[in-house]
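Welcome, and take a seat. Below are some exercises to work through with the structure open beside you, each followed by a solution in steps.

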Amino acid sequence: TLGGPSRCGRVLGPPLDKIIKNAAWRKHTHLVSSCKSALDKLETLSDTGLSDPTSPLLGISSSDANFVLNPILLALETNYVKVAEPALECTFKLFSLGVARGEIHGNVSNPILYKIVEAVCKVGGIGEESLELAVLRVLLSAIRCPCVLIRGDCLLNVVRTCYNVYLRGLSGTNQICAKSVLAQIMLIVFTRAEEDSIDVSIKTVSVSELLEFSDKNLNEGSSIYHCQNFVSEVMSASEGVPDLKLSQPSKDQELQNVELKTSKWEEEEIGELEAKEGGVESGSGGVSKIREDGFLVFKNLCKLSMKFSSQENDDQILLRGKTLSLELLKAVMDNGGSIWRSNVRQLQSCIFMSLLTKYRTGLKDEIGIFFPMLILRVLENVLQPSFVQKMTVLNLLEKIAADSQIIIDIFVNYDCDVDSPNIFERIVNGLLKTALGPPPASTTTLSAVQDITFRHESVNCLVSIIKSMGAWMDQKLTIGDSDLRKSFKSDTAAEGHSTLTAEDGTVSDCELQPEMNSELSNAATLEQRRAYKIELQKGVSLFNRKPSKGIEFLINTKKVGNSPEEVAAFLKSNTTGLNEAMIGDYLGEREDFALKVMHAYVDSFDFKSMDFGEAIRFFLQGFRLPGEAQKIDRIMEKFAERYCKCNPNSFTSADTAYVLAYS
């Protein structure tokens, strides 16, 4: 038999022979020589029943496996159709028959198989219709194979390649096949993540259902039938090798290093899930490799649904990419099991902790939005919280509290910023309310045990915050003392006298180093910013109860200028906390100063070249019209006057515009 008596020989021999026959002899001399050497090597190999744990192929040593696989890699890298086709067919058989083994994750783990998968992905982009289907076939068989686990960046590259075939495939059938393969890959990845095992029963996607929302125009007569058979054949090809699966190391000792079973999802460490972009090794009690990759794919689907890179900036390609991402996310959600559904909050917490830990420098606005929405909303629900959700939030806050720099950064960037929410203050108040428990005589859904658990965890968080802040202060003071001691030694050595000390023996302010003076200056600035914000929020709160009193307070405390134009600019500035209904109520007042403010407010708009209806909508974005007819009348009369001034030829008179605006 061509290739020798071994299983590897029977799989590799015929394709290698075909590559030799199809190669261009002058152009592919090295490839032909490599194929012949591999065939000679295969003739000498036989299935001995012994296994090399590090070998990428079943039944032969690692060095022999690398030697006989090298010509397959070379053939794929030629981008020559007649040579690439048998190489792709061979690669498909390696995966579908369970000959390829182990974990494929980067160039370090199983490098020859990693390079082959990467080369297959590149072949998908050379623009040959027949090769596109062959590439899709190989990639699906590789993901489906129960004897290998494709992980991290390699897994993402497989998904990306299928995406590109879908977006730029040379026929409608190929594009439908690419979409079907992607959907099937999602089912495989997330079914395995649900069971936390590679050896699971996976259903085959329905191609006709995939075309329910889009891409019906791609159907070229029998495309759906052809694509359904294409996916079904690949999925069934691996079912004949149950004795070779990764989950049975007793039959193949080389698989022990990729055993995938881990501890329960509930015991996972929040924050371990995304230790690095391409995936991390699971630690004791951490997230399993399979679930880690499920999370990685899910995250990238979300990215693709928001933005898709297109070299030609083609809007249609952009839209199709987003649509496909959303369809795949829908498929993931539709087929999600109990583990996936019950741990959405944990996933959110993992992502959010990663944002805080690594990326907070560039995501201030985003964190300012997500923190109240994901964390504070749950924390501040004292009477009827979900026990699991609130425990997840408390666990996250305990991790945040343990990092003194995050705590300081939150206070400085949000609580001391006029335009940001008071996140630190709300964290402490929320923990305090939870620690005190539901108010007396209130109705709560919490059991006594749950209430005690919440109280205990909240106190732990508060203690952690205090300890972190104390540790941060101790560190700063230690640095300061060190600088002062250096100053003392240099001064006494140079000048022969000691530093000035206060009556209690402490060093006086005049002897502080420039760095310390700088920090004190920064602290004073932050204190001023915080005080300014507190006073401004007091004025805003007063404005939301009684607008005229609030404006008076803000003017007296110099938070707002005393001219109508400056007050109007303040009301228009989207200051955090201002109630839009109260702004409208104040603008409609008939008192002299409020009337001047309303006129200045309206005059600050430029309605030039705007449609009348568009101008009204633009005008009303910043406040809500009051309910009193006389107030509406005053505001609309001024609006009509301003609109006609900006568009002189729009109405015969301002009265006509006023009547229409009021109507």
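## Exercise 1: Two loop residues

A441 is exposed, with 87% as its relative accessible area. Keep in mind that the model you are looking at is predicted.

**Task.** Find where A441 and K558 are located, and state whether K558 is buried or exposed.

**Solution.**
- Step 1. Locate A441: this residue is in the loop between helix 18 (423–436) and helix 19 (448–495).
- Step 2. Locate K558: this one is in the loop between helix 21 (547–556) and helix 22 (564–572).
- Step 3. Apply the cut-off. Exposed means over 50% relative accessible area. K558 has 70% relative accessibility, so it counts as exposed.
- Step 4. Look at the backbone. A441 is not a glycine, yet its phi is positive, about 70°. K558, also a residue other than glycine, has a positive phi near 60°.
- Step 5. Set this against the general rule: most residues other than glycine have a negative phi.

## Exercise 2: The chain as a whole

**Task.** Work out how many helices and strands the chain has, and what percentage of its residues count as buried.

**Solution.**
- Step 1. Count the elements: the secondary structure comes to 27 helices and two strands.
- Step 2. Turn to burial: the chain has 663 residues, and 49% of them count as buried.
- Step 3. Consider contacts with a separation of 6 or more. Residues 24 or more positions apart account for 68% of these.

## Exercise 3: The largest cavity

**Task.** Describe the largest cavity by its volume and by the classes of residue in its lining.

**Solution.**
- Step 1. Begin with the search of the whole structure, which finds five cavities of 30 Å³ or more.
- Step 2. Take the largest cavity, whose volume is about 110 Å³.
- Step 3. Name some of its lining: A142, V148, I188, R192, I290 and D293 are among the residues there.
- Step 4. Sort the lining by class: nine residues are nonpolar, none is polar and two are charged.
- Step 5. Trace the elements involved. Helix 6 (129–144), strand 2 (148–150), helix 8 (172–195) and helix 11 each supply at least two lining residues.

## Exercise 4: Two helices that line the cavity

**Task.** Check the end-to-end distances of helix 8 and helix 11 against the expected spans, then find how many residues of each are buried.

**Solution.**
- Step 1. Helix 8 has 24 residues, so at 1.5 Å a residue it should span 34 Å. The end C-alpha atoms are 35 Å apart, which agrees.
- Step 2. Helix 8 is mostly covered, with 22 of its 24 residues buried. Just after this helix comes D196, with a positive phi of about 55°.
- Step 3. Helix 11 has 18 residues, so the expected span is 26 Å. Its end C-alpha atoms are 26 Å apart, again in agreement.
- Step 4. Helix 11 is mostly covered too: 14 of its 18 residues are buried.
- Step 5. Pick out E292, which is found in helix 11 (residues 289–306). Buried means under 20% relative accessible area. E292 has 3%, so it is buried.
- Step 6. Follow the side chain of E292 to that of R151: a polar contact of 2.8 Å joins them.

## Exercise 5: Partners far along the chain

**Task.** For P15 and S468, find which residues they contact beyond their neighbours within four places in sequence.

**Solution.**
- Step 1. P15 is in helix 1 (residues 7–22). With 6% relative accessibility, P15 counts as buried.
- Step 2. Beyond those neighbours, P15 is in contact with P86 and C90. The C-alpha atoms of P15 and E89 are 7.4 Å apart, although their positions lie 74 residues apart along the chain.
- Step 3. Look at helix 4 (residues 81–96), where P86 and C90 are among the buried residues. Helix 4 has 16 residues and reaches 22 Å from its first C-alpha to its last, close to the expected 22 Å. Just after helix 4, G98 takes a positive phi of about 75°.
- Step 4. S468 belongs to helix 19 and is buried, at 6% relative accessible area.
- Step 5. Beyond its own neighbours, S468 touches A401, A402, D403 and S404. The C-alpha atoms of S468 and S404 are separated by 4.7 Å, and the two residues are 64 residues apart along the chain.

Definitions and conventions. Residues are numbered from 1 along each chain as its sequence is written. This is a predicted model: local features need pLDDT of at least 70, side-chain atom pairs count only at pLDDT 80 or more; totals for chains, interfaces and linings use all residues. Side-chain values use heavy atoms; hydrogens and water are left out. Helices (H or I, at least four residues) and strands (E, at least two) are DSSP runs, numbered from the N terminus. Buried means under 20% relative accessible area, exposed over 50%, partly exposed in between (1.4 Å probe, protein chains only). A polar contact is a pair of N or O atoms within 3.5 Å; within protein, one must be able to donate a hydrogen and the other to accept it, and residues adjacent in sequence count only if both atoms are side-chain atoms. On a 1 Å grid over the protein atoms alone, a cavity is a set of points where a 1.4 Å probe fits but cannot get out, and a pocket is an open set with protein on both sides within 12 Å along at least five of seven lines; lining residues have an atom within 4 Å of a point. Grid points are joined across faces, edges and corners, and a volume is the space filled by probe spheres set on the points. Ala, Val, Leu, Ile, Met, Phe, Trp, Tyr, Cys and Pro count as nonpolar, Asp, Glu, Lys and Arg as charged, and the others, Gly among them, as polar. The expected span of a helix is 1.5 Å times one less than its number of residues. Contact means heavy atoms within 4.5 Å.
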